[in-house]
Amino acid sequence: MREYEESLHGLEGEMDHFPPPPPRHPLARERMNIQKSSVCSRAYFVVVMAFFHIYIINIIALLLYVHYNTGSGEQDVLLEESGSVPGPMPEHQTPSPNLSPELSFQLPRLEGIRVGHVQRVSLVPDRTHNMRTLSLKPLLFEIPGFLSVEESSVVMQLAHLKGLTHSSLVTAPDSQEEQLSQDELFRLLDLNQDGLLQREEILSLSHSTDGSWLSSYNLRKIHTGLETNPSGVLSLQEFKRVSGGVLQYSGAGQGLDGHAEVRRRSTHTRLYLGEGTHHLLKSIRNRVTRVTRLPSSLVDLSEPMEVVRYEQGGHSHAHHDSSPPNPDSSCAHTHLATNHSNQVACRYLTVLLYLNSADGGGETSFPVADNRTYEEEVLGDLSQQYCDKGNLKVKPVAGTALLWYNHLSDGNGWVGELDEFSLHGDCSVTRGFKWTGSVWVNIDPDQQRQERYQRLVSWHPEEQSKRPEHGDLHQDL
């Protein structure tokens with residue numbers, strides 16, 4: 001034991017001979033603190049960057065979702081071969097008990113997205129078209145190549161064969177109306193020139209304000225005559241028997257000043273787009289149905305296409321194609337289903353076809369498009385003096401179509417107020433000629449009246465069974 005204690009004392013003595021450890025320099029302590037702080041900063045930076053990248057990824061995912069669900073950027077719209085299925089009514093909207101289930105639908109409406117936005121649409125098999133937004137107020141689109149140059153030439157030839165009549169100048173509402181004989185009226189109604197009047201021919205021309213000489217009384221008599229005739233058609237003699245009296249013709253669309261729309265130095269005619277007519281005209285009707293996404297029943301019952309030929313110096317002053325909803329008047333195309341004597345044009349949308357490229361002038365002008373400042377003169381006079389002052393002008397190019405809505409939506413998927421920004425007209429043709437074709441889709445702002453009218457003029461069951469079923473025309477990718 002004593003030896004163990006002596007060895008411990010010896011070791012302690014030896015330890016006393018070692019020099020003491022040098023004191024730690026203060027810079028070394030600071031360097032260690034700096035290293036610890038640097039490690040913490042890097043860790044914090046990594047965490048922040050990770051969260052930042054996650055945030056960016058979420059933003060990109062959201063943009064992609066919006067892109068493929070709302071059509072921002074280019075949008076593909078594939079159109080099938082036939083028909084249209086009306087959109088369902090929103091959950092908060094209860095169908096009217098007076099509306100039949102097949103007519104309780106919403107009116108599809110194209111989205112403009114923004115000025116310059118391009119959508120790709122297919123109107124004929126194996127071919128796509130670009131549809132570009134030109135304006136949001138009114139909602140206006142341009143579709144190059146809607147018709148080929150050859151198809152445009154065929155339409156002009158068909159108009160020549162039908163016969164062009166001079167467009168009337170402005171007439172006051174209380175001016176003397178032009179009288180039509182029954183023979184003249186029969187030839188005007190006989191759209192396919194087969195010497196017989198079918199129900200579609202009488203109804204189609206009566207839809208337009210140019211057919212306002214067919215009063216509700218006259219139209220009911222003719223319609224009753226068709227119903228009671230076993231053959232379902234009327235010859236000239238039968239037409240004279242059921243129509244009775246000389247029918248009157250009054251002017252069409254109203255201009256901004258309440259007078260008839262002014263066209264100067266132009267001729268026009270109307271071409272029926274329904275069954276029994278030229279296959280190209282039926283194809284135009286189908287293309288309108290496809291691009292607008294509207295139910296085919298509405299397009300089929302709309303007025304014929306109006307073809308206009310403007311000579312040099314020819315123009316039309318600014319006007320609206322449709323009329324504001326008014327409880328004291330009825331739509332020209334549904335006046336069969338009402339007792340109102342005052343009839344107005346009810347055109348939900350317009351498809352304007354350029355059938356040739358004018359050598360000079362002839363632009364379609366929208367004076368107040370997109371609510372920019374404008375000159376007061378262009379609200380009426382669109383002669384060459386004022387045409388250049390319009391907010392938006394579109395140069396006529398053969399085969400190109402313009403599509404615009406004359407009415408806003410009522411918020412429930414039906415026709416709303418007249419879009420005042422749809423004011424438009426045709427600038428003077430400075431060189432050559434200009435040919436256009438106007439296709440209007442007639443829809444009554446009163447949905448119940450539209451339904452009553454469609455039920456009144458619906459086809460017989462045996463005829464309905466022969467008509468092809470229509471599928472969905474549009475499928476968004």
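Select Trp-440 and Thr-350 in this predicted model: a polar contact of 3.3 Å links their side chains. Keep Trp-440 selected and add Asp-321. The side chains of Trp-440 and Asp-321 also make a polar contact, at 3.0 Å.

Next, show the surroundings of Trp-440. Is this residue buried or exposed? Its relative accessibility is 5%, and buried means under 20%, so Trp-440 counts as buried. Apart from neighbours within four places in sequence, Trp-440 is in contact with Arg-270, Ser-302, Glu-303, Glu-306, Asp-321, Arg-347, Leu-349 and Thr-350. Select these residues together to see what lies around the Trp-440 side chain and backbone.

Now measure across to Met-305. From C-alpha to C-alpha, Met-305 and Trp-440 are 7.2 Å apart in space, while 135 residues separate them in sequence.

Widen the selection to residues 434-442. This is strand S21, and Trp-440 sits in it. Then add residues 305-319, which form strand S9. How do S9 and S21 run relative to each other, and how many bridges join them? They run antiparallel, with five bridges between them. To look at one of these pairings, pick Glu-306 and its bridge partner in S21, Ser-438. Glu-306 is also among the residues in contact with Trp-440.

Stay on S9 and colour the strand by accessibility. Of its 15 residues, twelve are buried, so the strand is largely enclosed by the rest of the structure. In a regular strand, side chains alternate between the two faces of the sheet.

Select residues 424-426 next. This is strand S19, which runs antiparallel to S9 and is joined to S9 by two bridges. Pick Ser-316 here, and then Asp-426, its bridge partner in S19. S9 therefore has bridges to S21 as well as to S19, and is mostly buried, with twelve of 15 residues in that class.

The last stop is the disulfide. The structure holds one. Which two cysteines does it join? Select Cys-331 and Cys-346: their sulfur atoms are 1.9 Å apart. Look along the S-S bond of Cys-331 and Cys-346: the torsion is about -85 degrees, so the disulfide is left-handed. Cys-331 belongs to strand S10 (residues 330-331), whereas Cys-346 is in the loop between strand S11 (343-344) and strand S12 (347-354), so the disulfide ties together parts that are 15 residues apart in sequence. Cys-331 and Cys-346 are both buried.

How values were computed: Residues are numbered from 1 along each chain as its sequence is written. This is a predicted model: local features need pLDDT of at least 70, side-chain atom pairs count only at pLDDT 80 or more; totals for chains, interfaces and linings use all residues. Side-chain values use heavy atoms; hydrogens and water are left out. Helices (H or I, at least four residues) and strands (E, at least two) are DSSP runs, numbered from the N terminus. Buried means under 20% relative accessible area, exposed over 50%, partly exposed in between (1.4 Å probe, protein chains only). Contact means heavy atoms within 4.5 Å. A polar contact is a pair of N or O atoms within 3.5 Å; within protein, one must be able to donate a hydrogen and the other to accept it, and residues adjacent in sequence count only if both atoms are side-chain atoms. A disulfide is a pair of cysteine sulfur atoms within 2.5 Å. Two strands pair if DSSP finds at least two bridges between them.
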